[in-house]
Amino acid sequence: MNDPRKGSDAEPTTHFGYQSVPESQKADKVAEVFHSVAAKYDLMNDLMSAGVHRLWKRFTIELSGVRTGNRVLDIAGGTGDLTRQFSRLVGPTGEVVLADINASMLKVGRDKLLDSGVANNVQFVQADAEKLPFPDNHFDCVTIAFGLRNVTHKDQAIRSMLRVLKPGGRLLILEFSKPTSNLLSKAYDAYSFSLLPLMGKLITNDSESYRYLAESIRMHPDQETLKAMMVEAGFERATYHNMTGGIVALHRGIKP
Ligand SMILES: C[S@@+](CC[C@H](N)C(=O)[O-])C[C@H]1O[C@@H](n2cnc3c(N)ncnc32)[C@H](O)[C@@H]1O
């Protein structure tokens, strides 16, 4: 017989790749992935995308409109690719915060930026995108690159990013999205579910994390859904640009 209390007491679930997991477990599972891949993260990015992730990131910097003296938050900033460019753009009178929930990714990012000598105007903060520990109306620009997909409550994170932006400030979300052609979609699926885990196995000895990557991309909201989520949170002039046939999209919205 069905226990009528079971449904109402059960913890809500969410997806971790194609698995359904209790919401409270997702962050730990995501943490395991990034602890495991942190040391080889940059190398894998270059190999998996044949270097094209650098172009996606360059376009993000161009669209950010960041200028000398600005205050920028790069949340889920990981190994700091965007932060490094922002650090140069804002100059000594500006400030960049590289924030990430994962201590291993933050450490790799911090070491890399210190080694390249651009970290004078950069702060490193361990933080969850859903509960940003910064004042209201604080940043001129917030970016989240390949991070939102991993967040348990994406709507909460988008609202949190809106809160910390100054009026007129920009949010840029760079993320995998939905290919615009069926043919590309098929080729991309074949690549993601066979070659990607194999590369993960060979380079990081961890095929599961790269299987999660492929699955989490398929579970992420498509271009129009993400745009609607930004509007729902309160962003104005929400738009997106597809790159590489929609494999990646850059969404941008302005805080009113
Ligand atoms: C794929 S990496 C992207 C790193 C970097 N932004 C880039 O584009 O190369 C995703 C990052 O999101 C971070 N992350 C996952 N969930 C997060 C959360 N709830 N809050 C903040 N960062 C999170 C991970 O720790 C990881 O460093």
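# A walk through the model: rings, ligand and empty spaces

By the ring rule, there are six aromatic pairs. That rule joins rings of Phe, Tyr and Trp (its six-membered ring) whose centres lie within 6.5 Å; planes under 30 degrees apart are called stacked, over 60 edge-to-face, and the rest tilted. W56 and F146 make a tilted pair, at 6.0 Å centre to centre with 50 degrees between the planes. This pair links distant parts of the chain. W56 sits in helix α4, while F146 belongs to the loop between β6 (139-145) and α7 (154-164), 90 residues apart. Helices (H or I, at least four residues) and strands (E, at least two) are DSSP runs, numbered from the N terminus.

The model is predicted: local features need pLDDT of at least 70, side-chain atom pairs count only at pLDDT 80 or more, and totals for chains, interfaces and linings use all residues. Residues are numbered from 1 along each chain as its sequence is written, and side-chain values use heavy atoms, with hydrogens and water left out.

Turn now to the ligand. It is surrounded by 21 residues, each with a heavy atom within 4 Å of it. The closest are Y41, A76, D100, A129 and A145. By class, this shell holds twelve nonpolar, six polar and three charged residues. Here Ala, Val, Leu, Ile, Met, Phe, Trp, Tyr, Cys and Pro count as nonpolar, Asp, Glu, Lys and Arg as charged, and the others, Gly among them, as polar.

Which atoms come close to the ligand's oxygen atoms? A polar side-chain atom of Y41 lies 2.9 Å from one ligand oxygen. For K57, a polar side-chain atom lies 3.0 Å from an oxygen atom of the ligand. A129 uses its backbone: an N or O atom there is 2.9 Å from a ligand nitrogen. Taken alone, the ligand exposes 600 Å², and the protein buries 96% of that. These areas come from the Shrake-Rupley method with a 1.4 Å probe. Helices α2 (23-37) and α3 (41-49) each give two or more residues to the shell.

Next, the empty space. The second largest pocket holds about 280 Å³. A pocket, on a 1 Å grid over the protein atoms alone, is an open set of points with protein on both sides within 12 Å along at least five of seven lines; in a cavity a 1.4 Å probe fits but cannot get out, and lining residues have an atom within 4 Å of a point. Among the residues lining this pocket are D42, H53, K57, D81 and K112. The largest share of the lining, five residues, comes from α4. By class, the lining has two nonpolar, two polar and eight charged residues.

Finally, the largest cavity has a volume of about 30 Å³, the space filled by probe spheres set on the grid points. Its lining includes E175, F176, H220 and H251. Strands β7 (165-176) and β9 (248-254) each give two or more residues to that lining.

Methods
A polar contact is a pair of N or O atoms within 3.5 Å; within protein, one must be able to donate a hydrogen and the other to accept it, and residues adjacent in sequence count only if both atoms are side-chain atoms.
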